[in-house]
Amino acid sequence: QVQLVESGGGSVQAGGSLRLACKGSGYDYMEKRMAWFRQAPAQEREGVAQIRARGSVTFTEYDESVKGRFTISQDRATNTIYLQMNSLKPEDTAVYYCAASSSLTVRAGDWDNFDDWGQGTQVTVSS
């Protein structure tokens, strides 16, 4: 059974940084494409960043709104993914979710087929 547990959310002023973590269990890191999503109040959930490891190569993809500011990474030994968020803006305020997919191909704009989700962690950026 796949379980995903996020941590690291909080409140920060605009321009600040936060690092989210998602600890996974019940699967091997090579079996899953992993991603971070977010959902702001009264808005649809949107994909932020995704990652997949294949051998020595790591594939990543980002939404345009976070490119150059956010970095997704993966610790294979602990089955944990991270989202380093820098230069945060008030519009980054949302609940951030970790997700896993058995569909392994990383493609720009492809945020479908994520089957397992964490409980979410709140990120609040004040101006």
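Good morning. I begin with a pairing between two strands: Val 95 stands opposite Gln 122 in strand E11. Please keep in mind that the model on display is a predicted one.

The pairing of Val 95 belongs to a wider arrangement around strand E9. E9 and E11, the latter spanning residues 121-126, run antiparallel and are joined by 3 bridges. Between E9 and E10 there are 2 bridges, and these strands also run antiparallel. Here Ala 100 has Asp 116 of E10 as its bridge partner. With E4, strand E9 shares 7 bridges, again in an antiparallel arrangement. Within E9, Cys 98 is the residue that stands opposite Trp 36.

How many of the 8 residues of E9 are buried? The count is 7, and the strand is accordingly described as mostly covered.

I turn now to the aromatic residues. The structure contains 3 aromatic pairs. One of them is formed by Phe 37 and Trp 111, whose rings meet edge-to-face, with 5.8 Å between the centres and 75 degrees between the planes. Why does this pair tie together separate parts of the chain? Phe 37 belongs to strand E4, residues 33-39, whereas Trp 111 sits in the loop between strand E9 and strand E10, so the pair links parts that lie 74 residues apart in sequence.

Both partners are shielded. Phe 37 has a relative accessible area of 4% and is buried. Trp 111 is buried as well, at 17%, because the limit for that label is under 20%.

The pair is also part of a wider group, since one aromatic cluster is made up of Phe 37, Trp 111, Phe 114 and Trp 117. Arg 45 is positioned over two of these rings. Its distance from the ring centre of Phe 37, over whose face Arg 45 lies, is 5.8 Å. Arg 45 also lies over the face of Trp 117, and there the distance to the ring centre is 3.8 Å.

My last topic is a second arginine, Arg 69, located in the loop between strand E6, residues 57-62, and strand E7, residues 70-75. Is Arg 69 buried or exposed? With a relative accessibility of 11%, Arg 69 counts as buried. A polar atom of the Arg 69 side chain lies 3.0 Å from the backbone oxygen of Ser 87. Leaving aside residues up to four places away in sequence, Arg 69 touches Gln 84, Met 85, Asn 86, Ser 87, Leu 88, Lys 89 and Asp 92.

Thank you for your attention.

Notes
Residues numbered from 1 in each chain as written. Predicted model: local features only at pLDDT ≥ 70, side-chain atom pairs only at ≥ 80, totals over all residues. Heavy atoms only, no water. Phe/Tyr/Trp six-rings, centres within 6.5 Å; stacked < 30°, edge-to-face > 60°. Helix = DSSP H or I, 4+ residues; strand = E, 2+ residues; numbered from the N terminus. Buried < 20%, exposed > 50% of the residue type's maximum accessible area, 1.4 Å probe, protein only. Lys NZ or Arg CZ within 6 Å of the ring centre and 35° of its normal. Polar contact = N/O pair within 3.5 Å; in protein donor to acceptor, adjacent residues only side chain to side chain. Contact = heavy atoms within 4.5 Å. Pairing = 2+ DSSP bridges.
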